[in-house]
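Colleague: I should like to go through this model with you, one point at a time. Please give the reasoning before the result in each case.

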Amino acid sequence: MTTDRIAHPWGARTPYGKGAPWPVRVDLQLAEGVAEADVERWVPAASLLHSNGDAMDVAVREGRIVGVRGRAGDRVNRGRLGPKDLYGWQANASPDRLTRPLVREGGELVETDWDTAMDRIVARTRAVLADDGPEGLGFYTTGQLFAEEYWTLAAVVQGGLGSANLDGNTRLCTATAAEALKESFGSDGQPGCYADVDHADVIALFGHNVAATQPVLWCRVLDRLGGDDPPRLLCVDPRTTEVARAARDSGGVHLAPRPGTNLPLMNGLLHLLLENGHADEAYVGAHTVGFADLAAVVADYPPATVAELCGIDEGDLRAAAALLGGADRLLSTVLQGFYQSHQATAAACAVNTLHLLRGMLGRPGCGVLQMNGQPTAENTRECGANGDLAGFRNWANPAHVEELAGIWNVDPDKIPHEGPPTHAMELFAQAEQGAIRMLWISGTNPAVSLPELARVRRVLAQDDLFVVVQDLFRTETTEFADVVLPAATWGEKTGVLTNADRTVHLAEKAVDPPGEARPDLDIFLDFARRMDLRDRDGQAFPPWHDAESAFAAWAASTAGRPLDQTGLSHEKLRGADGIQWPCTADAPDGTPRLYGDGRFPAHPDHCENFPKDLVTGEPSDADAYRARNPEGRALLRAVRHVPLPEPPDDDYPLALITGRTLVHFHTRTKTGRAPELQEAAPEVWIECSAADAARAGLAEGDLAELRTRRGRVRARLRIVDLREGVVFLPFHYGYWDAPGRDHDRAANELTLTTWDPASKQPAFKTGAAALGPAAPA
Ligand SMILES: Nc1nc2c(c(=O)[nH]1)N[C@H]1C(S)=C(S)[C@@H](COP(=O)(O)OP(=O)(O)OC[C@H]3O[C@@H](n4cnc5c(=O)[nH]c(N)nc54)[C@H](O)[C@@H]3O)O[C@H]1N2
Ligand SMILES: Nc1nc2c(c(=O)[nH]1)N[C@H]1C(S)=C(S)[C@@H](COP(=O)(O)OP(=O)(O)OC[C@H]3O[C@@H](n4cnc5c(=O)[nH]c(N)nc54)[C@H](O)[C@@H]3O)O[C@H]1N2
Ligand SMILES: [Mo]
C-alpha cells in the first residue's frame with residue numbers, strides 16, 4: 001500500500017521490545033502508472049541523500065529508473081526508506097541535466113566536447129605546475145561520490161601531482177566526527193552501530209535532529225518507544241524538534257541550551273556524573289589516560305554555574321545527568337548542533353568521555369555514534385580525500401607515509417607531509433590570496449554551502465582563478481566556472497558507499513547516464529592519463545582502470561589499519577546485505593562494534609594523529625605523545641570553555657542557527673527537482689519564538705528580514721516553539737530556482753567565516769543577527 005510519505009514521513013509503526021529484532025517493513029515507491037509487475041529489473045543500491053545507508057533496489061523499466069524499494073533483509077533499514085529516497089530519484093531524469101561539457105567563451109559557458117574541456121584543464125594544470133608547483137593546484141571534493149572515486153582522486157592529487165591541497169566538503173560536515181574520534185580513541189571509526197538502538201535503555205541525542213535527517217533511524221527509535229520496555233531519550237537542541245518532544249514524552253529530558261554552549265553543558269554533565277559516583281573506576285583505570293586533568297577541569301563546572309552559562313534550568317541539568325549516569329545501556333549520537341558550533345571537537349570529545357567514564361562502549365546498546373551526514377562522507381575520510389592520508393594513516397608519522405608510498409609505488413617525498421593538509425577553508429583563503437590558481441570542485445556547491453557567500457563569490461569570480469566544476473546540473477557554483485564537466489551519478493555508475501555505522505554497500509549502475517555525462521571515476525582517471533602521471537617504475541599511475549579494480553586496490557591498501565577491508569570486494573558485496581568494516585579473513589562477516597575489549601587504536605605507532613590542543617588546534621609532537629600515552633589507551637580530554645566569536649549584542653541581539661528540513665537535501669539540486677519534495681517546502685522561511693516576533697513587530701506569515709554583519713535574508717516568518725533569543729533558518733535555498741533574487745535567500749549570506757581550531761569545521765550555527773520587517777521591495 002502506498003501512503004503519502006510527505007504527510008507521514010516515518011510511515012506506519014512496527015513496535016518492538018528491548019532486545020528483540022526490529023521488524024521488517026518494506027517501503028516502495030513507483031512512478032505513476034507503473035506497477036511492480038511492470039518492473040524489468042531491480043538493481044541493488046543504497047540511499048544517497050543522507051548518511052544512513054538505507055539499502056534499496058532501484059526499479060528499471062525501458063532503460064529508465066521508475067522507482068525504489070527498500071531491502072527487507074538489510075541490517076540498516078529492514079526495508080524502510082525515507083521520503084527523500086522514495087521521491088528523490090526522479091531528479092536523475094530531470095530535463096536540465098548536464099549532458100555535455102561546457103567551457104567559457106567570451107564570458108559565456110558554451111557546450112563543447114570532452115577533448116576540448118579536458119585539454120583546457122590539462123593545459124592549465126601544466127602551466128600552474130610549471131609556475132608555482134603542485135601547491136598552486138586546489139581540489140575541493142565532496143561526501144557524495146563513491147569510495148573508488150575518492151581513492152582515485154587522492155592518489156592522483158597526493159601521489160601523482162604531489163599536492164597537499166585536497167579536501168572534501170566533509171570539512172563542513174563531519175570533520176568534527178573524524179577529529180573527535182581521533183582525539184579520544186586514536187583513529188576515526190565509529191565505535192557503535194545502529195543495532196544499539198535495539199538494546200539501549202537511554203538514547204541521548206546531542207545536537208542531532210535525527211527525525212528529520214535520518215528518518216529511518218528515527219523509525220527504529222519510534223518503534224522502540226512504542227514497544228515493551230522502551231528507552232528514555234535525552235535531546236540537547238535549542239529547538240523543540242520532534243526529537244525534543246519525544247524526549248519529554250518518553251520520560252526523558254530536553255535541554256535547550258543557548259547556542260554555542262555545548263561544551264560548558266557537557267562539562268556540567270560530567271561534573272555531576274563524577275559527583276554522583278556514576279563513573280566506572282575500574283574501566284577508567286584500565287583503559288584510559290587523563291582522568292586527573294579531566295576531574296580538575298569539570299570541577300569548575302558546578303550545576304548552578306552551568307545552568308547560568310547555558311541558560312537552562314538547573315533541575316533539568318541534574319535530571320539529564322541522572323538519566324545518563326543511571327543508564328544500564330547508553331547510546332549517544334552527535335551531529336551538527338555540536339559539530340557546526342563553538343568548540344566543536346571539544347564538545348564532541350566530551351560525549352566520548354561520557355562513554356569512557358561509564359565504560360559503555362562496544363557492547364549491545366552501549367555505543368557512541370559520532371554521526372556522519374553525507375552518504376559517503378565516511379569514504380571521503382577513509383580514502384584521504386578529506387585532506388588526511390588514505391587508510392587513516394598519520395601524515396606526521398614517516399612510517400605511515402612510507403607505507404602509503406609503497407602501496408602507490410611512488411616516492412615518499414612525493415606525498416606531501418611537511419605539515420597538516422590544507423583544509424577547505426584554507427583552500428579558499430589561498431585562492432583568495434592568489435596562491436591557488438586552479439580550483440577543481442567536484443560534487444559540491446560552495447556558492448551556496450560555504451559560510452559568508454559574498455566572500456565566496458568574490459573568491460570564485462577572480463580572473464586569475466581557473467575554476468573547474470564537476471556536477472549534474474548548472475548550479476550557483478558552475479556560474480563561476482571556466483570548465484564544467486557533466487557527471488554521472490547514483491543509479492548511473494557503480495561504486496561502494498559506507499554509512500555512518502561502518503556498513504558498506506555496493507550501489508550498482510541501473511541505467512546509462514544522460515548524454516555524454518561520465519562517472520567521476522572515469523573523469524579522474526582520464527585526467528591522470530592525459531597528465532601522463534607515472535609511478536616510480538614509469539608505469540601509468542594510478543594503475544587501476546574501473547570501479548572494481550579501484551576497489552580491489554583500495555581494499556588491499558587497508559591491511560592492518562583500523563578500517564581493514566581486505567575481506568571485501570565488489571564480488572562479495574554484490575547483491576549482499578550491508579557488511580560492517582573491519583572485514584577481514586578473521587572476521588569475514590564484518591564487525592558490529594569496536595573497542596569491546598577496551599583496546600583502542602591510539603598507540604603512537606598506530607594512531608591516525610597525534611592529539612591536538614583542542615583550544616588552539618596545535619598538534620602534540622610524537623615524543624610528547626609517546627610519553628603521555630605509551631600504551632595507546634583512550635584519552636579523556638579536558639577542555640575549558642572560551643567566548644563565542646560573535647556573541648549577540650545590542651545591534652544584533654539574536655543567536656542565529658541554521659540547519660535542515662526533512663524534505664530537502666542541501667542546496668536542493670536533487671530534492672528541488674522531485675515534485676513531491678519541492679512542493680512540500682518550496683521557499684525559505686525564518687523561525688523564531690512568539691516573544692522575539694512580537695519584539696520585532698512581526699506576526700506569523702509576515703515578510704521578515706534577517707540581518708547580520710555580512711548580509712540579509714528576506715523570508716516569511718514562522719512562529720515556533722523555540723528558545724527565546726534564537727532564530728533558525730534552513731540553509732537549502734540558493735538561487736538556481738529563484739533567478740533575479742538579490743542574494744537575499746541563502747542562509748550563508750549571513751554566516752561568518754570561523755571554524756573549530758581542531759577540526760577546522762566552520763561554525764554554521766553561531767553568529768549574531770537582527771530581525772525586523774522586510775522593507776517593501
Ligand atoms: N532532510 C535532510 N536530511 C539530511 C540532510 C539534509 O540536507 N536534509 N543532510 C545530511 C547531512 S550532510 C548532514 S551533515 C546531516 C545533519 O543532520 P543534523 O545535524 O541532525 O541537522 P541540522 O539541522 O544541521 O542540525 C541539527 C540540530 O542542531 C541544532 N542546533 C543548532 N545550534 C545548536 C547548538 O548550539 N547546540 C545544540 N546542542 N544544538 C544546536 C539545530 O536546532 C538542529 O535541530 O543530515 C543529513 N541528512
Ligand atoms: N548555513 C549552513 N551551511 C551549511 C550547513 C548548515 O547546516 N548550515 N551544512 C553543511 C553541510 S553538513 C554540508 S554536507 C554541506 C553540503 O553542501 P554541498 O555539498 O554544497 O550541497 P549539495 O547540494 O549536496 O551539493 C552537492 C553537489 O554535487 C552534485 N552531485 C550530486 N551527485 C553527484 C555525483 O555523483 N557527481 C558529481 N560530480 N556531482 C554530484 C549536486 O548536483 C550538487 O550540486 O553544506 C554545509 N553548509
Ligand atoms: Mo553534512
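Colleague: By class, how many nonpolar, polar and charged residues does the shell around ligand 1 have?

Modeller: Please bear in mind that this is a predicted model. The shell around ligand 1 is made up of 33 residues, with Thr213, Asp237, Gln336, Arg660 and His664 coming nearest. Divided by class, that shell has 10 nonpolar, 18 polar and five charged residues.

Colleague: Which element supplies the largest share of the shell around ligand 1?

Modeller: At least two shell residues come from each of helix H7 (210-213), helix H15 (336-339) and strand S22 (654-659). The largest share is three residues, and the element that gives them is H15.

Colleague: Between which domains does ligand 1 lie?

Modeller: The argument rests on the origin of the shell residues, to which two domains contribute. Because both of them give residues to this shell, ligand 1 lies between domain 2 (175-371 + 601-635) and domain 3 (654-773).

Colleague: How much of the accessible area of ligand 1 does the protein cover?

Modeller: Several polar atoms of the protein approach this ligand. A polar side-chain atom of arginine 239 is 2.9 Å from a ligand 1 oxygen, and a side-chain N or O atom of serine 341 is 3.4 Å from an oxygen of ligand 1. Histidine 664 takes part through its backbone, where an N or O atom lies 2.5 Å from a nitrogen of ligand 1. Of the 920 Å² of accessible area that ligand 1 has on its own, the protein covers 100%.

Colleague: Is threonine 213 buried or exposed?

Modeller: Threonine 213 is among the residues that come nearest to ligand 1, and its place is in helix H7. Its side chain also forms a polar contact of 3.0 Å with the side chain of glutamine 214. Since its relative accessible area is 16% and the cut-off for burial is under 20%, threonine 213 is buried.

Colleague: Let us turn to the other ligand. How much of the accessible area of ligand 2 does the protein cover?

Modeller: Three side chains place polar atoms by this ligand. Asparagine 169 has a polar side-chain atom 2.6 Å from an oxygen of ligand 2, and for lysine 765 the corresponding distance to an oxygen of ligand 2 is 3.2 Å. A side-chain N or O atom of asparagine 748 is 2.8 Å from a nitrogen of ligand 2. Of the 910 Å² that ligand 2 has accessible on its own, the protein covers 99%.

Colleague: From which domains does the shell around ligand 2 draw at least three residues each?

Modeller: This shell holds 34 residues, and Gln144, Asn169, Ser449, Asp471 and Thr667 are the closest. Helix H4 (170-173), strand S16 (466-471) and S22 each supply at least two of the shell residues. The domains that each give at least three residues are domain 1 (102-173 + 376-492 + 516-535 + 549-569) and domain 3 (654-773).

Colleague: What separation is found between the C-alpha atoms of valine 122 and methionine 531?

Modeller: Valine 122 belongs to helix H2 (residues 114-132). It counts as buried because its relative accessibility is 9%, where the limit is under 20%. Along the chain, valine 122 and methionine 531 are 409 residues apart, yet their C-alpha atoms are separated by 6.5 Å.

Colleague: How far apart are the end C-alpha atoms of residues 40-96?

Modeller: An unreviewed UniProt entry lists residues 40-96 as "domain: 4Fe-4S Mo/W bis-MGD-type". In the model this stretch is 11% helix and 35% strand, and its end C-alpha atoms are apart by 26 Å.

Conventions
Residues are numbered from 1 along each chain as its sequence is written. Chains are lettered from A and ligands numbered from 1 in the order in which they are written. This is a predicted model: local features need pLDDT of at least 70, side-chain atom pairs count only at pLDDT 80 or more; totals for chains, interfaces and linings use all residues. Side-chain values use heavy atoms; hydrogens and water are left out. A residue is near a molecule or strand if one of its heavy atoms lies within 4 Å of it. A polar contact is a pair of N or O atoms within 3.5 Å; within protein, one must be able to donate a hydrogen and the other to accept it, and residues adjacent in sequence count only if both atoms are side-chain atoms. Accessible areas come from the Shrake-Rupley method with a 1.4 Å probe; for residues, only the protein chains shown count as cover. Helices (H or I, at least four residues) and strands (E, at least two) are DSSP runs, numbered from the N terminus. Ala, Val, Leu, Ile, Met, Phe, Trp, Tyr, Cys and Pro count as nonpolar, Asp, Glu, Lys and Arg as charged, and the others, Gly among them, as polar. Domain bounds come from an automatic or database domain assignment. UniProt positions are given in the numbering used here, feature names are shortened, and annotations may be inferred rather than shown by experiment. Buried means under 20% relative accessible area, exposed over 50%, partly exposed in between (1.4 Å probe, protein chains only).
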